[in-house]
Amino acid sequence: MTHPAEEYRQMKAWKRDTNMLGCVADAECGISTRCPCGGTIINEVSRNLKYPTDFDTLPGRKYFTCKNYENDGFHFRQPWVFGVQEEVEMLRKRVDAMAAEIAELKYNLTRQNPTTP
């Protein structure tokens, strides 16, 4: 049996790690510029097959990867295609919002103001 204080410390450490995993999963959207660990993101090209029967993981597949990457769940390693796709979707939403704003401003400028002759 472990001491209650030691058990409490372990529980807190596990909770902190679990919370960090959630933050990493939530932050991995679009093209990342920094990893939650503080490391920079580099462009990496895979040299090996991930699954021999999977055509999507052939050598030469691109990834956005943390410079300090370890396979522990606390660092980014995102396929290039997914990052670019999410970034384009976010940019399209911004462009649509700006187009709606421009259309509204254009309408406001062209309609006649009742206070002017």
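Student: Before we get going, what does "buried" mean here?
Tutor: It's a cut-off on relative accessible area, with only protein chains counted. Exposed is over 50%, and partly exposed is in between. Buried means under 20%.

Student: Okay, so what kind of model is this, and which pattern does the chain follow?
Tutor: It's a predicted model, so keep that in mind throughout. The secondary structure comes to two helices and three strands. Read along the sequence, they give the pattern α-β-β-β-α.

Student: How many bridges join S2 to each of its partner strands, S1 and S3?
Tutor: Take S1 (residues 41-45) and S2: they run antiparallel, and Asn43 has Phe64 of S2 as its bridge partner. S2 and S3 (residues 77-79) run antiparallel too, with Tyr63 bridged to Pro79 of S3. The counts are five bridges for S1 with S2 and three for S2 with S3.

Student: Why is S2 described as largely enclosed, and how many of its residues are buried?
Tutor: S2 covers residues 62-66, and a residue is buried when its relative accessible area is under 20%. Most of the strand meets that cut-off, so S2 is largely enclosed by the rest of the structure. The count is four of the five residues.

Student: And across the whole chain, what percentage of residues count as buried?
Tutor: Here the same kind of tally is taken over the chain's 117 residues. The share that counts as buried is 15%.

Student: Which residue lies over the faces of both Tyr63 and Tyr69?
Tutor: Look at the distances from the ring centres: 3.8 Å for Tyr63 and 6.0 Å for Tyr69. The structure holds zero aromatic pairs, so don't look for ring-ring pairing here. The residue over both faces is Arg77.

Student: Is Tyr69 buried, partly exposed or exposed?
Tutor: Tyr69 lies in the loop between S2 and S3. Its C-alpha atom is separated by 10.0 Å from that of Thr40, 29 residues apart along the chain. Its relative accessibility is 33%, and because that falls between the 20% and 50% cut-offs, Tyr69 counts as partly exposed.

Student: Over to helix H1: which residues make the nonpolar surface patch there with Met11?
Tutor: Met11 is found in H1, which spans residues 4-27. At 46% relative accessibility, Met11 counts as partly exposed, and patch residues need over 30%. The patch is about 390 Å², and Met11's partners in it are Tyr8 and Trp14.

Note on methods. Residues numbered from 1 in each chain as written. Predicted model: local features only at pLDDT ≥ 70, side-chain atom pairs only at ≥ 80, totals over all residues. Heavy atoms only, no water. Phe/Tyr/Trp six-rings, centres within 6.5 Å; stacked < 30°, edge-to-face > 60°. Lys NZ or Arg CZ within 6 Å of the ring centre and 35° of its normal. Patch = residues over 30% accessible without salt bridge, like charges linked within 9 Å, V, L, I, M, F, W, Y side chains within 5 Å. Areas by Shrake-Rupley, 256 points an atom, 1.4 Å probe, with all protein chains shown as cover. Salt bridge = Lys/Arg side-chain N within 4 Å of Asp/Glu carboxyl O. Buried < 20%, exposed > 50% of the residue type's maximum accessible area, 1.4 Å probe, protein only. Pairing = 2+ DSSP bridges.
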